[in-house]
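Here are some notes to read alongside the model, set out as numbered points. Please keep the structure open while you go through them.

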Amino acid sequence: MTIAWRLPDYDAHEVLHFVHDEASGLKAIIAIHSTHLGPSAGGCRFWHYDHPEDAITDALRLSRGMSYKNAMAGLPLGGGKSVILADEALTKPPELLAAFGRAVDRLGGHYVTAEDVGMNVKDMVEVSRQTKFVAGLPAEDGVGGDPGPHTSLGVFLGIKAAVRHALGKDSVSGLHIALQGAGSVATGVALHAAAEGAKLSIADIDPEKAQKLADASDGKAVDPDDILSLEADVLSPCALGAILDEESIAALRVPVVAGGANNQLATPEDGAKLHQRGILYAPDYVINAGGIINVCTEYLGDGDQSLVRQRIEAIPDRLEQVWAESASSGRDPAAVADAMAQRLIGRG
Ligand code: NAD
């Protein structure tokens with residue numbers, strides 16, 4: 001077994017839980033990066049990993065990202081994340097979700113869960129039968145439900161801020177957006193962008209999903225192998241992480257990268273590589289905070305839908321702050337955002 005402390009993504013995480021439930025076959029990791037600002041919160045990813053080590057890396061990176069995201073969004077929450085190691089067929093029986101719910105409950109509120117890739121509102125209802133430390137449940141008084149559409153709204157507003165900043169355009173009308181992914185977040189981004197007149201190229205490893213979203217947004221489905229090197233105004237990564245590395249950055253043909261996927265940079269140095277190429281990057285955990293803003297408002301019960309929207313509408317200003325500091329310091333936006341977030345969680 002790999003020793004977590006030696007992993008490159010271990011970042012003084014407060015606790016790392018390895019969960020095993022023999023009866024249901026649940027294998028999960030719950031990573032709590034920081035509770036400096038409040039109980040750790042972050043979604044649960046249900047995914048098949050070829051190697052368990054990849055799941056540990058994901059949990060470590062995603063939970064740190066949640067600490068940074070919650071801090072930069074001004075939320076009274078720390079950062080955590082869980083990962084369920086699914087089988088290849090992605091079988092998700094209710095007993096597995098129940099066992100996961102019990103594991104979350106045992107942590108007594110130090111970790112609050114919600115949806116991430118592979119988990120939906122129905123799954124959260126199943127989890128909520130075992131624990132109250134869960135959000136993303138069906139909206140009763142208007143706040144709650146799938147965080148995806150809220151993430152999409154924030155990402156879309158962030159794309160608009162980025163094209164204003166980099167291209168001097170007040171609208172995405174007529175601009176070409178290359179969208180990686182055709183899932184929950186990508187769908188909302190595509191529909192908002194299409195409604196404003198953007199031209200979309202969409203890729204998903206599931207070609208049917210890509211085609212369906214292309215049809216709905218008057219866009220074009222493209223091969224997933226081509227999306228990162230497409231000539232466009234914006235690349236919006238809305239699938240999985242670590243897609244921006246030395247090779248893919250060298251092949252980019254866009255002035256802006258702004259998307260909802262978590263952990264888009266394979267390494268911190270890749271933020272600097274984007275900057276050196278003159279590509280404006282919207283740090284992922286700043287632009288994709290819409291979902292957790294909704295989750296937080298639901299969990300704490302401290303606002304209604306209009307407050308959620310107001311909080312999401314503050315995302316572009318936060319991006320502007322990061323880009324302004326990047327311009328004045330010469331440091332890349334990802335490094336600037338990391339330093340800001342680290343100060344906020346008492347690690348600066
Ligand atoms: P989802 O499961 O609904 O969609 C992800 C899609 O990406 C799937 O359709 C999948 O087939 C596709 N995909 C996977 N690998 C791909 C590849 N190499 N090329 C093209 N497509 C690929 O998930 P989602 O909720 O839309 O989340 C997307 C990303 O946004 C994830 O990184 C997630 O962590 C992040 N995120 C989601 C939320 C949210 O509210 N759902 C919030 C913040 C961040």
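In which helix is D284 found?

1. This is a predicted model, and the notes below should be read with that in mind. D284 is found in helix α9, which is made up of residues 284-287, and this aspartate is taken up again in the next two points.

2. What is the nearest side chain of opposite charge to D284, and how far away is it? The side chain in question is that of R61, which lies 7.2 Å away, and D284 is buried yet has no salt bridge. Because a salt bridge requires a side-chain nitrogen of Lys or Arg within 4 Å of a carboxyl oxygen of Asp or Glu, the separation of 7.2 Å between D284 and R61 does not qualify.

3. Although D284 has no salt bridge, its side chain does reach backbone atoms. The side chain of D284 comes to 2.8 Å from the backbone nitrogen of N263, and a polar atom of that side chain also lies 2.8 Å from the backbone nitrogen of Q264. If residues up to four places away in sequence are not counted, D284 touches G259, A261, N262, N263 and Q264, a list that includes both of the residues just named.

4. V257 is found in strand β11, which covers residues 256-257. With a relative accessibility of 0%, V257 counts as buried, because buried means under 20% relative accessible area. Setting aside its neighbours within four places in sequence, V257 is in contact with L235, P237, L244, L252, Q264, L274, I279, L280, Y281 and A282. One of these partners, P237, is 20 residues from V257 along the chain, and the C-alpha atoms of the two are separated by 7.6 Å. Please note also that Q264 appears among the contacts of V257 as well as among those of D284.

5. Is A214 buried or exposed? A214, which lies in helix α6 (residues 207-216), is buried, with a relative accessible area of 1%. Apart from neighbours within four places in sequence, A214 is in contact with I202, G219, K220 and A221. The C-alpha atoms of A214 and A182 are separated by 8.8 Å, while the two residues are 32 residues apart along the chain.

6. The last point concerns a pair of helices. The axes of helix α4 (residues 148-167) and helix α11 (residues 305-312) come within 10 Å and cross at roughly 35 degrees, and the crossing in which α4 passes α11 is right-handed. On the α4 side the contact is made by H150, L153, G154 and L157, and on the α11 side by V308, R309 and I312.

Terms used. Residues are numbered from 1 along each chain as its sequence is written. This is a predicted model: local features need pLDDT of at least 70, side-chain atom pairs count only at pLDDT 80 or more; totals for chains, interfaces and linings use all residues. Side-chain values use heavy atoms; hydrogens and water are left out. Helices (H or I, at least four residues) and strands (E, at least two) are DSSP runs, numbered from the N terminus. Buried means under 20% relative accessible area, exposed over 50%, partly exposed in between (1.4 Å probe, protein chains only). Lys and Arg count as positive and Asp and Glu as negative; His and the chain ends are not counted. A polar contact is a pair of N or O atoms within 3.5 Å; within protein, one must be able to donate a hydrogen and the other to accept it, and residues adjacent in sequence count only if both atoms are side-chain atoms. Contact means heavy atoms within 4.5 Å. Axes are lines fitted to C-alpha atoms, for helices over the stretch in contact, and angles run from 0 to 180 degrees between N-to-C directions. A crossing is left-handed if the near helix is turned anticlockwise from the far one by less than a right angle, and right-handed if clockwise.
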